[in-house]
Amino acid sequence: MEISLHWLWCLFVWWRQDAIHAYVNMHYLYPLWLGISVMGLFFLCMVKYLPHSGSRRDILDRWQIALVLTYTFYIATIIVVIGYSSLFAGVSLVGGAMLGMMLIKRRYAWRMFWLQIILMLLAITSPYFGITLPNLRQLTVIHPLLETHNYLTYNEIMAVENAVAASAFENNVLSWDSITEIQRSSAFFWRSTHLYLAFPKAIFIVYIFRALLLVLDDSRQETLRHANQDELTQLKNRRYGLKKMKYALSTVQDNQDLSVMLFDLDWFKRINDNYGHDVGDQVLIEISQTLLQSLSDETIISRYGGEEFLVVLPDTSHDSAMVIAEQLRLSIAEHIINIGDVFDFSVTASFGLYTLTHQERACIAKNYKSILAKKAQSQSSASPLIKPIATQRAESQMAFMQKLPGDICQRLISTADKALYEAKHRGRNQVVSANHMFAEKNGSIHSLYKNR
Ligand SMILES: Nc1nc2c(ncn2[C@@H]2O[C@H](COP(=O)(O)OP(=O)(O)OP(=O)(O)O)[C@@H](O)[C@H]2O)c(=O)[nH]1
């Protein structure tokens, strides 16, 4: 695309030479045009040849090196002959390197990028060593100011233009006509050249950058999905369930209860043993679907282990959670699992439930705060050193955020697990509340942290 554009540009200059011959040195245009045509043919051959080189790595490598080397010298020549332009050179360098890194070995593209920079520096410093490089430009506006016919680079034109403008302004003679003349001048012609030769590459760079960001977004989403999701059931996994549970505990309002439900399919091993592992998998998938359909979007549902599921109900009182658990138990028991129209069966599940009431949570938070305060006191008396203010602030901020003990999720789950164990013990296919269980046992309200 880039070479075609340059080729078309040469065609345009040749076609409009009557109008612009004053700005262009036609002696240099023809060899440049020829060079661009040869380059185009070379790249065309590569495009045709490369797909047929098959798996020959050495040939592919050689062609890649040839491609980037040729492109590097081509760009360096174009920049020198057309005149250095930060816009044109910049986008060519960056765009070429980006495309190279996408299409060929990054190592080659990186090395050529540096080679191109070195070539540019050599071209820029060449006048200091008495070397004159060919240049297409012919400067007409300031031509009368110069003693001889001259070809200047972009930066030289800018410098001369500034000098002319400065002197003109000083003498207060720069009229609107002069400005229009400048706009029609070679400087304008060459600057426009750089713009339209640089635009496609600039568009390409931004397009690639956008595409890369989209790819990054997609892969981030994909990684997150894999990190949080259970492969078989497509439910959230244990890690994600615990993370969400922790978050729910930290955001629950002062007057809200939070219920935790752990349930396990009954006699699941027998299903695997009798019908095979595939049927076992199908059961897990179908029960997960039932679970998703029966519970609201606010509920945190995750596969906790093999045939064990964790359900966290934020802002749900004990009575409501019991009703939800009972409905879920019935939905699972009523769900018919159909094995390829050959036979049907259903499964049951046992539920353990625990509700952390807002009163108990407040109590835990209060005790935890006093434990933290005692700890902080003993630490400060043990260490005579005064802590930096920043450290003190960070610590108090952490204590403020961490209102509940770090192991509270595990405590809640293991309490629900005790109730689940009891449900299995009582004959399965039922819901047992740990709150009821402990109340029956101790005759008092159970506390998660009573032994502290
Ligand atoms: N098909 C299948 N089976 C699994 C998967 N994960 C765990 N299991 C099986 O689940 C079974 C669990 O068996 P147990 O822990 O003895 O429980 P159970 O047979 O349901 O008995 P109770 O829980 O006491 O009612 C084991 O045989 C595991 O191999 C899974 O992803 N797919």
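**Group meeting: a mixed sheet and its surroundings**

I will start in the middle of the sheet, where D264 stands opposite S350 in β7. Before going on, two notes on the model. It is a predicted one, in which local features need pLDDT of at least 70 and side-chain atom pairs count only at pLDDT 80 or more, while totals for chains, interfaces and linings use all residues. Residues are numbered from 1 along each chain as its sequence is written.

Now the overall contents. The protein chain has 17 helices and eight strands, where helices (H or I, at least four residues) and strands (E, at least two) are DSSP runs numbered from the N terminus. Of its 452 residues, 26% are buried. Here buried stands for 20 or more other C-beta atoms within 10 Å of a residue's own, exposed for 12 or fewer, and partly exposed for in between, with C-beta atoms placed from the backbone. Among contacts in the chain with a separation of 6 or more, 73% are between residues 24 or more positions apart; a contact requires C-beta atoms, placed from the backbone, within 7 Å.

Next, the sheet. Six strands form an open sheet with mixed pairing, in the order β1-β3-β4-β2-β7-β8. At its edges are β1 (236–237) and β8 (431–433), each paired on one side only. In general, strands of a sheet pair through backbone hydrogen bonds, either parallel or antiparallel. For strands to count as paired, DSSP must find at least two bridges between them.

Which strand does β2 meet over eight bridges? That is β7, and the two run antiparallel. With β4 (residues 308–313), β2 (residues 258–265) pairs over six bridges, also in the antiparallel sense. S259 faces L313 in that strand. Helix α13 (residues 318–334) packs on the sheet and touches β2, β4, β7 (349–356) and β8. The direction of α13 makes about 165° with that of β7, using axes fitted to C-alpha atoms, for helices over the stretch in contact, and angles from 0 to 180 degrees between N-to-C directions. D264, where I began, has E308 as its bridge partner in β4.

On the other side of β4 comes β3 (residues 300–303), joined to β4 by four antiparallel bridges. Between these two strands are four residues, and together the strands form a hairpin. Within the pair, S302 has L310 of β4 as its bridge partner. Five of the six residues of β4 are buried, so β4 is largely enclosed by the rest of the structure.

Back to β7. With β8, β7 runs parallel, over three bridges; there G352 is opposite V432. Why is β7 described as largely enclosed? Because eight of its eight residues are buried. On one face these are A349, F351, L353 and T355, and on the other S350, G352, Y354 and L356.

That leads to the cores. A nonpolar core is a set of buried Ala, Val, Leu, Ile, Met, Phe, Trp, Tyr and Cys residues joined through C-beta atoms within 7 Å. The largest one has 48 residues, and M261, L262, A325, F351, L353, L412 and A416 have the most contacts inside it. Helix α16 (residues 408–425) supplies its largest share, eight residues. Neighbours within four places in sequence aside, M261 contacts V311, L313, A321, A325, F351, L353 and A416. A separate core of 27 residues includes C10, V13, I79 and L136.

Now the ligand. Around it are 16 residues, of which D266, F268, K269, G280 and G306 come nearest; membership needs a C-beta atom, placed from the backbone, within 6 Å. Two or more residues each come from β2, α11 (268–275) and α12 (277–294). The most, four residues, come from α12. By type, the shell has five nonpolar, four polar and seven charged residues. Ala, Val, Leu, Ile, Met, Phe, Trp, Tyr, Cys and Pro count as nonpolar, Asp, Glu, Lys and Arg as charged, and the others, Gly among them, as polar.

Finally, two loop residues. Q234, in the loop between α9 (186–228) and β1, has a positive phi near 65° although it is not a glycine. Q234 has 13 C-beta neighbours inside 10 Å, so it counts as partly exposed. N429 lies in the loop between α16 and β8. The phi of N429, another non-glycine residue, is positive too, near 50°. N429 is partly exposed because 18 other C-beta atoms lie within 10 Å.

Notes. Contact = placed C-beta atoms within 7 Å.
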